[in-house]
Amino acid sequence: MTNVPDEVLEVTRDARRVVVLTGAGISAESGLATFRDPEDGLWNRYDPMQLASIEAWDEDPEMVWAWYLWRFERHHQVDPNAGHRALADWEKGADVLVVTQNVDDLHERGGSSDVVHLHGNLSAFRCSDCERPYTDRVDVPHEPVERLAPPSCPACGGLVRPGVVWFGEMLPPDAFDRAVEEVQSADLVLTVGTSGIVAPASLLPRFAGARGVPVIEINPNPTEHSDEVTHVWRAPAASALPALVQAIRAT
C-alpha cells in the first residue's frame, strides 16, 4: 500500500466538501491513451489537434465522425481503475465533486455520482445545428475506418456530432461556472493527473488558492501547478487515491 504523506493526510481527513480536478493521467492509468499520445494504425498520419476542431468538422464531417467513433470504441474497451473507484468510495464520508477535463465516462462507471465535464462527454451525442441531444443508437465499427456518414437529427435534419468541446469552442458555461463556485467554497481541492496546461480549466486551482482553500496535487510528474499548490504528492492516481481514502477512514 502506498504511504500517504503526513501533511496530505492532515489536510484531507477533516475535509467535508471536496472537489477533485482530474485530467488525462487518471484515464491513462486505465490504459486509455491521452489525447496527445501518438495514434496507432489508420489514424497515425493525422494530427488530432486538427481533427478536434470546428473547422475540421465543417470541412469533412465524415472523417471527424469516423475518428470520434473510433475513440468512442476505445474508451469503452477500458475499465475504471482503483483511482476512479476510490473517489466514489470517498463519497461515503464526504461531499465529493469530480470536475474532469476528460471526455470519457470512467468516473461515472467507477461509481462517482456527481461529475462535471468541462470539455463535454464523448457519449453525449447532439445535433450540430439545433443542439438537441441525440439518443438513438449509434452504430460503432469495431475496426477503424477513415470515413463514416454521421446520422441526421430526427428533429431538424442536421448532422449529429460528438458531445465534446472542440478547439475554437467555448466550454459549457454552466459546467465551468459551477466548477469555479465549487472550488472557491470547498474545504479541499485535489488536482489529479492533470498537466495544468489547458485553459481555462488550469485556472481552477488558482481560484481555490486565492480563497485560502488548500490544494493538493497528485501526479507522478511536475506540472504547471506544482509551484502554486499547498502540497505535492508524487504518485499515480490508481495507488494514491485508494491509499488516501483508506487512511482517512482509519483516522
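**Exercise 1. In which sense do β6 and β7 pair, and over how many bridges?**

Before the solution, some conventions are needed. The model is predicted, so that local features need pLDDT of at least 70 and side-chain atom pairs count only at pLDDT 80 or more, while totals for chains, interfaces and linings use all residues. Residues are numbered from 1 along each chain as its sequence is written, and side-chain values use heavy atoms, with hydrogens and water left out.

*Solution.* Step one is to fix the terms: helices (H or I, at least four residues) and strands (E, at least two) are DSSP runs numbered from the N terminus, and two strands pair if DSSP finds at least two bridges between them. Step two is to apply them: β6 and β7 pair in the parallel sense over four bridges, and within this pairing V192 stands opposite I218 of β7.

**Exercise 2. Place β1 among its partner strands, and describe how β1 and β6 are covered.**

*Solution.* Begin with the pairings of β1, which runs parallel to β2 and is joined to it by six bridges, and which also pairs with β6 in the parallel sense over five bridges. The residue V19 illustrates both pairings, since its bridge partner in β2 is L97 and its bridge partner in β6 is V189.

Next, consider burial, where buried means under 20% relative accessible area, exposed over 50%, and partly exposed in between (1.4 Å probe, protein chains only). Five of the six residues of β1 are buried, so this strand is largely enclosed by the rest of the structure. In β6, five of its five residues are buried; L188, L190 and V192 point one way from the strand, whereas V189 and T191 point the other way.

**Exercise 3. Identify the residues and elements that build the largest nonpolar core.**

*Solution.* A nonpolar core is here a set of buried Ala, Val, Leu, Ile, Met, Phe, Trp, Tyr and Cys residues joined through side-chain atoms within 4.5 Å. The largest such core has 29 residues, of which W90, L190 and L241 touch the most other members. Two or more residues each come from α1 (6–12), β1 (17–22), α6 (82–90), β2 (95–100), β6 (188–192), β7 (215–218) and α10 (237–250), and the largest share, eight residues, is given by α10.

Now follow W90 itself, taking contact as heavy atoms within 4.5 Å: leaving aside neighbours within four places in sequence, W90 is in contact with V18, V20, V96, L188, L190, L244, V245, I248 and R249. A second, separate core has 22 residues, including M63, W65, L69 and Y134.

**Exercise 4. Find the empty space, and describe what lines it.**

*Solution.* Rolling a probe the size of a water molecule over the atoms shows where empty space is left. On a 1 Å grid over the protein atoms alone, a cavity is a set of points where a 1.4 Å probe fits but cannot get out, a pocket is an open set with protein on both sides within 12 Å along at least five of seven lines, and lining residues have an atom within 4 Å of a point. Grid points are joined across faces, edges and corners, and a volume is the space filled by probe spheres set on the points.

A search of the whole structure finds one cavity of 30 Å³ or more, and the largest cavity holds about 80 Å³ of space. Of its 13 lining residues, L21, Q101, T194, A201 and L204 are the closest to its centre, and the elements giving two or more residues to the lining are β1 and α9.

To classify linings, count Ala, Val, Leu, Ile, Met, Phe, Trp, Tyr, Cys and Pro as nonpolar, Asp, Glu, Lys and Arg as charged, and the others, Gly among them, as polar. The lining of the largest cavity then divides into seven nonpolar, six polar and no charged residues. The second largest pocket, with about 180 Å³ of space, has six nonpolar, four polar and two charged residues in its lining, among them H117, R126, E169 and P172.

**Exercise 5. Examine the backbone at P200 and at E131.**

*Solution.* The peptide bond from A199 to P200 is cis, with omega near 5 degrees, and P200 is found in the loop between β6 and α9. E131 is not a glycine, although it has a positive phi of about 70 degrees; E131 lies in the loop between β4 (126–127) and β5 (160–161), and is partly exposed, with a relative accessible area of 43%.
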